[in-house]
Amino acid sequence: MSRQMLMRNKYFLKLLSSHVLILILAFLLMGLIFSQFVRSYIFENKVEELNEYGQQILEDVSIHEESPQTFLNKYSKLLEARNIQYILFDSNADIIYPNVSMDPSIRLSQKEWDKLSKGESVTILHDIKRFDQEVSLVALPSMEGENITGGILLLSPISTSLKMIGQLNQYLLYTIAIAATAAIFLSLIFSRNLSTRVRAFRKATSMISSGDYNVHVPDDSKDDLGYLARDFNEMVVQLKKSHEEIERLENRRQKFLADVSHELRTPLTTISGLAEGIKNQLIPEGEVDKGMNLIDREAKRLIRLVNENLDYEKIRSNQLELHMIDIQAIEVFEVVSEQLLMQADEKNNQIYIEAADDIFIHADYDRLVQILINIVKNSIQFTENGWISMRAFENEHDICIEIEDNGMGIDPKEVDWIWERFYKADSSRTNSYFGEFGIGLSIVKQLVSLHNGKIDVQSEPNNGTIFRLFFPKK
């Protein structure tokens with residue numbers, strides 16, 4: 001027998017045993033309560049009937065004291081038809097009717113006789129210790145003042161009542177058997193249904209554990225398993241997205257490492273070669289200054305790559321501390337323009353700045369410069385023989401900075417990805433030594449968020465790009 005079959009049988013047995021046990025306990029409890037109620041009801045009705053007949057006979061005896069024999073015989077016939085016997089006795093417990101040698105004191109205990117002597121009746125619903133059969137018994141006294149003058153003892157066999165109660169109990173057992181059979185049948189149906197749905201969950205989880213996220217558990221039911229299935233399917237969707245995101249980031253990371261390795265190797269080789277040439281006087285004296293400038297340029301390139309990664313890690317781990325001040329927009333534009341003027345000239349680009357003197361940005365100075373330099377570098381990278389403009393203006397709630405160029409623009413498929421770490425545009429378009437590592441714009445977005453600001457981009461291929469930054473007012 002397979003493991004699934006064993007599991008299903010085990011689950012079926014648990015479900016069946018629980019259903020049957022509950023049903024049996026419920027029916028037994030209900031049967032005991034019902035049986036006790038019926039017994040009490042039948043016996044109480046019988047005693048009440050005996051009590052009424054006894055009082056009626058005692059009353060008629062007091063009326064027909066001179067000739068009671070005739071009506072007593074009539075009562076005997078009437079009560080025999082109802083399976084009731086009665087005995088009249090005097091104050092000495094001697095039988096006065098019927099004419100048989102029977103002493104009622106033998107039938108009544110001393111305690112019961114003492115109770116009768118006090119004028120109280122004796123009632124026994126179910127007596128199985130005395131007489132030759134099970135009976136219900138009523139004894140009523142006849143009193144004159146505080147003295148007992150006699151009384152009547154009535155008893156009725158209860159075998160018929162017990163037989164009826166036995167039949168009820170038998171029907172109850174039949175009901176329990178039918179209910180147990182129905183429970184077995186229903187449990188079989190439910191267990192198979194639940195086992196099928198549980199197997200679907202197990203199959204789905206097994207596929208997920210093996211890396212296959214293309215699973216879907218049926219979730220049409222309106223019960224708890226149906227809600228669980230819907231939650232499970234939503235979880236699978238999120239896991240699939242997370243897995244795809246992890247794979248995407250891993251691919252970018254590997255590509256990034258390959259790019260970094262290549263980019264590091266080139267400047268290091270250049271620096272090493274130039275340093276060796278200068279050291280051994282292999283470079284003409286007139287070319288030494290040019291070689292030193294190239295060494296300086298390549299060293300700064302390496303420093304920039306390392307700093308960008310360190311900055312990103314600081315931002316990601318919330319270790320970056322901002323020193324917020326009011327910064328004049330036109331002043332910071334001039335600083336950025338001067339720093340990047342040489343790079344813009346290399347690609348025959350012009351940098352324009354525009355901002356009113358009274359526009360101030362509440363930000364960290366160094367980080368604001370870093371944000372603007374990264375974006376302007378990106379614009380210079382994808383613009384040739386064109387222009388880049390920086391302008392600032394004031395809105396109701398924030399200060400807006402727009403950085404626009406008339407370069408080649410960004411492919412619409414890439415717009416949503418430019419903020420991702422390790423993202424790098426098409427290598428055929430990254431034809432300069434700055435901005436090619438795919439981490440600058442990711443840092444920009446993080447820094448803007450730290451200033452509680454927003455950034456968006458609008459671009460079309462061959463129609464330029466506009467970056468908009470919004471910094472809240474102080």
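Okay, let's start with a hairpin: strands S4 and S5 form one, with two residues between them. In that turn sits Gly145, with a positive phi of about 65 degrees. Before I go on, keep in mind that this is a predicted model.

So, the strands. S4 covers residues 135–144, runs antiparallel to S5, and is joined to S5 by ten bridges. If you want one contact to click on, take Ala139, whose bridge partner in S5 is Leu153. S5 itself, residues 147–157, is mostly covered, with nine of its eleven residues buried.

S5 also pairs with S1, again in the antiparallel sense, over six bridges. Here the one to click on is Leu88, which has Ile152 as its bridge partner in S5.

Staying with S1, let's talk rings. How many aromatic pairs does the structure hold? Three, and I'll go through two of them.

Pair one is Tyr86 with Tyr97, and this pair is stacked: the centres are 5.5 Å apart, with 25 degrees between the planes. Tyr86 belongs to S1, residues 85–90, and Tyr97 to S2, residues 95–97, so the pair links distant parts of the chain, eleven residues apart. Are these two tyrosines buried or exposed? Tyr86 and Tyr97 are both buried.

Pair two is Phe89 with Trp113. Why do we call this pair tilted? The ring centres are 5.6 Å apart, and the planes sit at 50 degrees, so the pair counts as tilted. This pair links distant parts of the chain as well: Phe89 is in S1 and Trp113 is in helix H4, residues 110–117, with their positions 24 residues apart in the numbering. Phe89 and Trp113 are buried too.

That takes us to H4. The buried residues there are Glu112, Trp113 and Leu116. Together they span an arc of only 100 degrees around the axis, which is why they end up on the same side of H4. The background is familiar: an α-helix has 3.6 residues a turn, so residues three or four places apart point the same way. Over on the other side of H4, Gln110 and Lys111 are exposed. After H4 comes Gly119, with a positive phi near 90 degrees.

Now some backbone oddities. As a reminder, most residues other than glycine have a negative phi, and most peptide bonds are trans. Where do we find a cis peptide bond? Between Tyr97 and Pro98, with omega at about -5 degrees. Tyr97 is the tyrosine from the stacked pair, and Pro98 is in the loop between S2 and helix H3, residues 104–107.

Then there are two asparagines. Asn83 is not a glycine, yet has a positive phi of about 60 degrees. You'll find Asn83 in the loop between helix H2, residues 69–81, and S1. With a relative accessible area of 39%, Asn83 is partly exposed.

The other one is Asn348, also with a positive phi of about 60 degrees despite not being a glycine. Asn348 is in the loop between helix H8, residues 329–346, and S7. Its relative accessibility is 47%, so Asn348 counts as partly exposed.

On the other end of S7 there's a loop to look at as well: Ala356 is in the loop between S7, 350–354, and S8, 360–364. Ala356 has 37% relative accessibility, so it counts as partly exposed. The C-alpha atoms of Ala356 and Ala329 are separated by 7.9 Å, while the two residues are 27 apart along the chain.

One side-chain contact for anyone who likes charges over rings: Lys454 lies over the face of Phe470, at 5.8 Å from the ring centre.

Last topic, cavities. How many cavities of 30 Å³ or more does a search of the whole structure find? One, and the volume of the largest cavity is about 30 Å³. The lining is made of Asn378, Ser379, Phe382, Asp405, Ile410, Thr465 and Phe467. Which elements give two or more residues to that lining? Helix H9, residues 365–381, and strand S12, residues 465–472.

That's my tour, and I'm happy to take questions.

Notes. Residues numbered from 1 in each chain as written. Predicted model: local features only at pLDDT ≥ 70, side-chain atom pairs only at ≥ 80, totals over all residues. Heavy atoms only, no water. Phe/Tyr/Trp six-rings, centres within 6.5 Å; stacked < 30°, edge-to-face > 60°. Helix = DSSP H or I, 4+ residues; strand = E, 2+ residues; numbered from the N terminus. Buried < 20%, exposed > 50% of the residue type's maximum accessible area, 1.4 Å probe, protein only. Lys NZ or Arg CZ within 6 Å of the ring centre and 35° of its normal. Arc of directions from axis to C-beta. Pairing = 2+ DSSP bridges. 1 Å grid on protein atoms, 1.4 Å probe; cavity = no way out; pocket = protein on both sides within 12 Å on 5 of 7 lines; lining within 4 Å. Points joined across faces, edges and corners; volume = space filled by probe spheres on them.
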